[in-house]
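Hi,

Here is the structure I promised to pass on. Have a look at it first, and then read my notes below.

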Amino acid sequence: MNVDFKERDFTALKADALVLVLTKEDVAAGSKVKKPGRLVAAFRGDESQLLAALSGSNFSGDKGEQVAVYGLGKYKVVFLVGAGDESELTGERLRRAASAGVRAAQSGRFESVVMATLDSLLEKMSHYEVVHSLLEGGILGAYKFDKYFTLNGKNHKLRSITIAFSRVDASIGRKAARDAQLVCEAVYLTRDLCNAPANEVYPEVLAEVATKMARKYHVRARILDERQIRKLRMGGLLAVNSGSARPPRFITLEYKGNPRSRDWYVIVGKGITFDSGGISLKPAAGMGEMKMDMSGAAAVIGTIQALASLKIPVNVAGLAPSTENLPGGKAYKPGDVVKTMSGITIEVDNTDAEGRIILSDALHYAKRYNPKAIIDMATLTGACVVALGHHATGMLGTGDEVMSLLKEAGEKTFERVWQLPVYEEYEKQIKSDIADVKNVGGRWAGTITAALFLKKFVGDYPWVHLDIAGTAMLEEQGEYSARGGSGVGVRLLTQFFKQIASQR
Ligand code: BES
Ligand code: ZN
Ligand code: ZN
């Protein structure tokens, strides 16, 4: 998609559709009183059409409202979209409004969109944030995974979004637009990887995508193949892989955005390209969704791309252990004992709790960076979906400072996180009679016992675990994400690392 900022008034531009994001205050005087309000004043010459359209609708500029007006200015259609009270404006309000407008344009099969607000809105927020939020909402809202539709008509795509503000300094506007586009491209990559079926994205492919991304953005990629994984004695990854006909991969990416610093952060993502449950087979209904069990790995690849393309001055290593979890003849079985790279032994009680097993090796591997902090992302437990549904990521860990920064980043990006405890009292649930730890902790507090399992492999490093089981795969379309892969984690961690970079 073409994305552009123009230091022009929207009335001076031409496109198929105009998406005009308005506050209640923008609309008030124009519709209620007949004297020109801000909105009406913006369409000098077309006042009568606008007033007629407004009087025939109940559009008040409130959030969630929208109305189409035809024949204004040089646009085929103008979508007026409400953002609510001026005093309650946030980036999220703008993202949602922009998404609604762009989606309306897209379903109307229009190809080019100009997006704008009235100047009054620019007094309420930083210009950078206005442009960034509008574009983010617009681009993310336009996302479609339609590459498998071959019959006509199903894959109409928007071609361009132009943001127009004559009152925004061109260098700020262009920078905000570029930044938004880059982070959205990374989210698109993550969504595409998640939505792709498991017959197309398996460990070797995931590794190839990571390698290609790395080449394009000058990131160092090293992919460990089965032989190297064996040499490192990653017994967890190998055990889960044993039922699959496809070889595992261990993806490592190193983005060195701050060469003068020796500080490293490590992000780790669960890369199960299909989770059948293994010998502890999952029920058939809904099993196809488990093609998205590599959402953590996809978010790692997307985050590294975002950081590298935005040139954020931090050093971040991305790790993603990847395999299928299938019940083959050589598959690992309940009752097996597995020795991990760390030396810690795991009693396998349920082969469907495979994510924590492959992560055990990755978290241990992470220590070689002597990192400031380790953050892992994983679609780890159904229990997290039960607890938090689809609107908050579960956050657990030992890195209190990192967690408070992540909380802040979550509010800002609206990829919100909610903390659960890792009290040691839960630990006895994962005690094993015959090994160092057992891979399941019984019926209660499944998200917490999973995190306590991971904790055994991170040593004393500040560590945060993000359980994205509910937020990475959506059953219904969101405000600016389609049904399916949401790309969660990319915007959250990009914002987090921007904060880290600005702290120094
Ligand atoms: N990938 C699943 C977790 C999951 C479930 C993600 C639903 C998204 C939606 C994970 O590997 C798994 O199967 N976990 C088990 C653990 C249990 C056996 C202790 C679960 O949550 O049921
Ligand atoms: Zn599983
Ligand atoms: Zn899984």
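**Overall shape and make-up**

With 504 residues, a compact globule would be expected to have a radius of gyration near 23 Å, and the chain comes out at 24 Å, which agrees. Keep in mind that this is a predicted model. Along the principal axes, the C-alpha trace spans about 80 × 50 × 45 Å.

As for secondary structure, I get 16 helices and 20 strands. Buried residues account for 59% of the 504. If you take the contacts between residues at least 6 apart in sequence, 78% of them join residues at least 24 apart.

On the outside, the chain exposes about 20,900 Å², with carbon and sulfur atoms supplying 48% of that. There are 66 positive and 57 negative charges, and their mean positions lie 4 Å apart.

**Helix H8**

H8 covers residues 203–217. Its 15 residues reach 21 Å from the first C-alpha to the last, close to the 21 Å expected at 1.5 Å a residue. Which of its residues are buried? They are Pro203, Val205, Leu206, Ala207, Ala210, Met213, Ala214 and Tyr217. For background, an α-helix has 3.6 residues a turn, so residues three or four places apart point the same way.

The buried residues of H8 pack against a mix of helices and strands. The helices are H7 (170–195) and H11 (295–310), and the strands are E7 (220–224), E8 (249–256), E10 (271–275) and E11 (315–325). Just after H8 comes His218, with a positive phi of about 55 degrees.

**Helix H16**

H16 runs over residues 490–503. At 1.5 Å a residue its 14 residues should span 20 Å, and the end C-alpha atoms are indeed 20 Å apart. Of those 14 residues, 11 are buried, so H16 is largely enclosed by the rest of the structure. The buried set begins with Val490, Arg491, Leu492, Leu493, Thr494, Gln495, Phe496 and Phe497, and it also takes in Gln499, Ile500 and Ala501.

**His132**

One more residue to click on: His132 sits in helix H6 (residues 127–141). Is it buried or exposed? His132 has 11% relative accessibility, so it counts as buried, the cut-off being under 20%. Leaving aside neighbours within four places in sequence, His132 is in contact with Ala176, Asp179, Ala180, Val183 and Lys498.

Cheers

How values were computed:
Residues numbered from 1 in each chain as written. Chains lettered and ligands numbered in written order. Predicted model: local features only at pLDDT ≥ 70, side-chain atom pairs only at ≥ 80, totals over all residues. Heavy atoms only, no water. Helix = DSSP H or I, 4+ residues; strand = E, 2+ residues; numbered from the N terminus. Rg over C-alpha atoms; globule rule 2.2 N^0.38 Å. Buried < 20%, exposed > 50% of the residue type's maximum accessible area, 1.4 Å probe, protein only. Contact = heavy atoms within 4.5 Å. Areas by Shrake-Rupley, 256 points an atom, 1.4 Å probe, with all protein chains shown as cover. Lys, Arg positive; Asp, Glu negative; His and termini not counted. Charge placed at Lys NZ, Arg CZ, Asp CG, Glu CD. Expected span 1.5 Å × (residues − 1).
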